[in-house]
Amino acid sequence: ETAIRNIPAVFTNVHYMADWVSSFEDATFCPYISVYNDYAILQRYQDQARDHVSGNLWAYSCNRTDYPYPTLDIDDVTLGIRVNGWMNRFFGVNGYLYYMVNKYSRMFEEEDPNGYTNVYDSPDRGGGSNGDGFLLYPGAYYGSEYPFATVRLAAYRDGIDDYNMLSIYRDKLNALAAKYGIEVNFDDYVSDLYASLFRGAVAYENNDARFYEVRRELAARILAVDAADGLLAVCDREASVLRVYAAESSLRVDGVTVGGTACGAGYAYVLPFDTTAHTFEIVTSARTVRYAVSAHRLIGAEGAALSEGSRYDAEKGTFTIAAINGPLIDLYTPSMTFRLDGVKRATRLCFTYGNRSADEFDIRIKLVTSAGEIELSTNYCRAGSDRRVEILLPDDIDWSTVTAIRITFDNVVQQGNDFVLAPDRTLTLSDLWLDVE
């Protein structure tokens, strides 16, 4: 009885879980992988997983969760499910639901609905997606006592190997940071690798050469952590310094010998930089390492143009973004807009914001161009909490047409089955900058 009453609950869904269940305690959350393409929804799931004992955050795909999202369908690009391992590390996903690996009968057939089929002749089991429901073929058909794994299963296995490589890199970085008594954000060390393979929950085109180049780079970074000099760099853009930690009491930085300050089991170095691009050359007793810092453009938050009824409190450093009632209540978009001048090309957008409202809220982050708006990402923030936003910008943006950065809010929010006027949002916003070229 105890075992039956404590069977873990797995909730599969195609929207955010709150639309389906009211209690998340000790549950495993398992939406379609495509749901994670909305970053605000992903953040909600991640927060819920961290809050609860189980901490489980899974994903699944079936019944035509189509390309460009990674799936285990035969018609999909196999590299997608391989890249899925990298996505899972980034998302915090620690499980993948696959409802059956050896389905050899067809569903939804009017005649003989559970009749077996020759699986070597037909890839469809009645779910609408070729390959859905089976990752193995029966070996007896060819005289084998064992089943045959599909190429799709092999690709998924390889994706788990990549996930494990990322986990090893994370653990090594954390262990090295612990020697100096600091903490590091793992995503800072792999965000460029992630961006080379996927954006949101969308895998890029089928490009094996690029994938294996990224994987080799990951392997090189893992090996570099084990170097005898214990070199570790943390870029603090808000303070405009590169914080370097090493096992050695002095380093040569840009041709000058610099002494370190005792820090944990090693030494710390603070290397300042300005808003221009710079590559630090750091020489230890074992090697020469170069750390590149991009040029960046700081943007004053207090100069934002605000939508109707919104205001900025300079004394408190807070913005109050007002919703507007009226005939266009469903179409109106409250916003804050930051003008850009003379940006020829930007590669990264960053800022920190804090929710000082009584309610959670979502934001949408956009670029304003002469032809309209480009939505870059969504974001979610609980009441009383802060978020750091870092967006690697697409390469195909025509920056000659970009005039501003815009953050928008919903004018109406769902309350039960109804949509009502959103409450005013109060927030702080700081450290807004672009990496530029």
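This report describes the overall dimensions, helices, nonpolar cores and one surface patch of a predicted model.

**Overall features**

The chain contains six helices and 29 strands. Its C-alpha trace extends over about 75 × 70 × 50 Å along the principal axes. Of the 437 residues in the chain, 44% are buried. The accessible surface amounts to about 22200 Å², and carbon and sulfur atoms account for 50% of that area. When contacts between residues at least 6 apart in sequence are considered, 64% of them join residues at least 24 apart.

**Two helices**

The table sets out the expected span and the end-to-end C-alpha distance for H2 and H4.

| Helix | Residues | Expected span | End C-alpha distance |
|---|---|---|---|
| H2 (39–51) | 13 residues | 18 Å | 18 Å |
| H4 (151–179) | 29 residues | 42 Å | 43 Å |

For H2, the distance between the end C-alpha atoms agrees with the span expected at 1.5 Å a residue. The distance for H4 likewise agrees with its expected span. Just after H4, Gly-181 adopts a positive phi of about 70°.

The buried residues of H2 include nonpolar ones such as Ala-40 and Leu-42, and also Gln-43, Arg-44, Gln-46, Asp-47 and Gln-48. These buried residues pack against strands E1 (9–13), E2, E23 (361–369), E24 (372–381) and E25 (386–392), as well as against helix H3.

**Nonpolar cores**

In soluble globular proteins, nonpolar side chains tend to be buried together. The largest nonpolar core in this model comprises 49 residues, and Tyr-36, Trp-86, Tyr-169 and Leu-232 have the most contacts inside it. At least two residues of this core come from each of strands E2 (27–31) and E3 (58–60) and from each of helices H2, H3 (78–91), H4, H5 (187–197) and H6 (208–225). The greatest contribution is that of H4, with six residues.

Beyond its neighbours within four places in sequence, Leu-232 is in contact with Leu-173, Leu-176, Ala-177, Tyr-180, Ile-182, Val-184, Tyr-189, Arg-243, Val-244 and Tyr-245. A second core, separate from the largest, has 34 residues, among them Leu-367, Val-389, Ile-391 and Ile-397.

**A nonpolar surface patch**

Tyr-141, Tyr-142 and Phe-148 form a nonpolar surface patch of about 360 Å². Tyr-142 lies in the loop between strand E5 (136–137) and strand E6 (148–149). Its relative accessibility is 56%, so Tyr-142 counts as exposed, the cut-off for that class being over 50%.

How values were computed: Residues numbered from 1 in each chain as written. Predicted model: local features only at pLDDT ≥ 70, side-chain atom pairs only at ≥ 80, totals over all residues. Heavy atoms only, no water. Core = buried A, V, L, I, M, F, W, Y, C linked by side-chain atoms within 4.5 Å. Buried < 20%, exposed > 50% of the residue type's maximum accessible area, 1.4 Å probe, protein only. Helix = DSSP H or I, 4+ residues; strand = E, 2+ residues; numbered from the N terminus. Contact = heavy atoms within 4.5 Å. Patch = residues over 30% accessible without salt bridge, like charges linked within 9 Å, V, L, I, M, F, W, Y side chains within 5 Å. Areas by Shrake-Rupley, 256 points an atom, 1.4 Å probe, with all protein chains shown as cover. Salt bridge = Lys/Arg side-chain N within 4 Å of Asp/Glu carboxyl O. Expected span 1.5 Å × (residues − 1).
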